[in-house]
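Visitor: I've never looked at this one before. Could you walk me through it?
Guide: Sure, have a look and ask away.

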Amino acid sequence: MKVLGIQSSPNADGLTARTAKAVLRGASEEGATVEIVNLNELDIKPCLACEGGWGKCRREGTCVIDDEFQPLRDKIHSADATVFATPVYWGDLSETAKIFLDRLRRCEVKGEFKTLNGRIAIGIASAGGTGNGCVKCLLHLEDYLRRVGFTIFDLVTVTQASKEHKLEMLEKAGRRLAKMRP
Ligand SMILES: Cc1cc2nc3c(=O)[nH]c(=O)nc-3n(C[C@H](O)[C@H](O)[C@H](O)COP(=O)(O)O)c2cc1C
């Protein structure tokens with residue numbers, strides 16, 4: 001079992017990263033191969049909406065922009081499960097999460113290119129002190145993940161108040177995830 005963690009906060013050691021790492025730690029304890037990716041360290045540009053709205057993504061399921069989008073997409077395809085963690089910014093996903101998932105959605109949305117079907121995902125939204133908008137953020141993340149074909153294993157909100165028990169829970173989720181059949 002191969003589990004990929006994608007964390008989309010600029011803070012490589014912040015709460016968002018800790019949530020993804022908690023799942024990976026649990027999975028690794030059960031023998032899974034794990035990898036964490038800091039999305040903000042990658043060069044992934046926004047969608048150009050080329051050719052008047054639908055371009056090569058519609059025709060061929062690939063993107064015209066030559067950057068680090070496709071290598072990360074390939075990593076998702078080669079993993080059995082992906083943990084996608086975003087901080088909550090204004091009740092929504094982080095900018096880097098949106099930019100990456102916008103392009104993934106375009107490339108994966110068409111029937112014959114929807115090759116993530118059956119892959120497992122955990123979505124995590126990490127908020128600050130107020131926790132305002134964390135459910136809305138998670139709802140948006142769920143829509144992205146389901147639309148590209150993932151089977152959702154869990155969707156989790158984490159706030160400053162809930163982080164201690166949620167981090168424990170996420171580690172347990174990782175252990176369970178690793179025992180699932182690839
Ligand atoms: C631009 C910005 C917008 C934010 N908006 C919200 C928000 O709407 N609701 C909330 O509870 N926290 C909000 N926060 C706080 C972050 O969600 C919180 O600090 C989060 O845990 C950051 O994770 P990190 O430690 O991985 O960076 C915001 C933070 C930033 C920088």
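Visitor: In what order do the elements of the protein run from the N terminus on?
Guide: Keep in mind that this is a predicted model. The protein has six helices and five strands. Starting at the N terminus, they follow one another as β-α-β-α-α-β-α-β-α-β-α.

Visitor: How do the five strands line up in the sheet?
Guide: They build an open sheet, and the pairing is parallel. Read across the sheet, the order is 2-1-3-4-5.

Visitor: Which strands stand at the edges?
Guide: Look for strands with a single partner strand, so that one side is left without a neighbour in the sheet. That fits strand 2 and strand 5 (151-158).

Visitor: And by how much are neighbouring strands of this sheet turned against each other on average?
Guide: Ignore the direction of the strands for this one. The average turn between neighbours is then 15°.

Visitor: What stands opposite L4 in strand 2?
Guide: Strand 1 (residues 2-7) pairs with strand 2 (residues 33-38) in the parallel sense, over six bridges. Helix 1 (residues 15-29) joins these two strands in a right-handed β-α-β unit. Opposite L4, in strand 2, you'll find E35.

Visitor: What is the bridge partner of I122 in strand 5?
Guide: Strand 4 (residues 120-126) runs parallel to strand 5, and seven bridges join them. The partner of I122 there is D154.

Visitor: At about what angle to strand 1 does helix 3 run?
Guide: Helix 3 (residues 69-78) lies across strand 1, strand 2 and strand 3 (81-87). Against strand 1, its angle is about 140°.

Visitor: Which residues come nearest to the ligand?
Guide: The shell around the ligand divides into eight nonpolar residues, 11 polar and no charged. Helix 1 gives the largest share of that shell, three residues. Of the 19 residues around the ligand, the nearest are S9, G14, T16, A127 and G128.

Visitor: What radius of gyration does the protein have?
Guide: Along the principal axes, the C-alpha atoms fill a box of roughly 50 × 35 × 25 Å. A compact globule with 182 residues would have a radius of gyration near 16 Å. The protein agrees with that, at 16 Å.

Note on methods:
Residues numbered from 1 in each chain as written. Predicted model: local features only at pLDDT ≥ 70, side-chain atom pairs only at ≥ 80, totals over all residues. Pairing = 2+ DSSP bridges. Helix = DSSP H or I, 4+ residues; strand = E, 2+ residues; numbered from the N terminus. Right-handed = clockwise from strand over helix to strand, strands pointing away. Axes fitted to C-alpha atoms, helices over the stretch in contact; angles between N-to-C directions. Contact = placed C-beta atoms within 7 Å. Near = placed C-beta within 6 Å. Nonpolar A, V, L, I, M, F, W, Y, C, P; charged D, E, K, R; others polar. Rg over C-alpha atoms; globule rule 2.2 N^0.38 Å.
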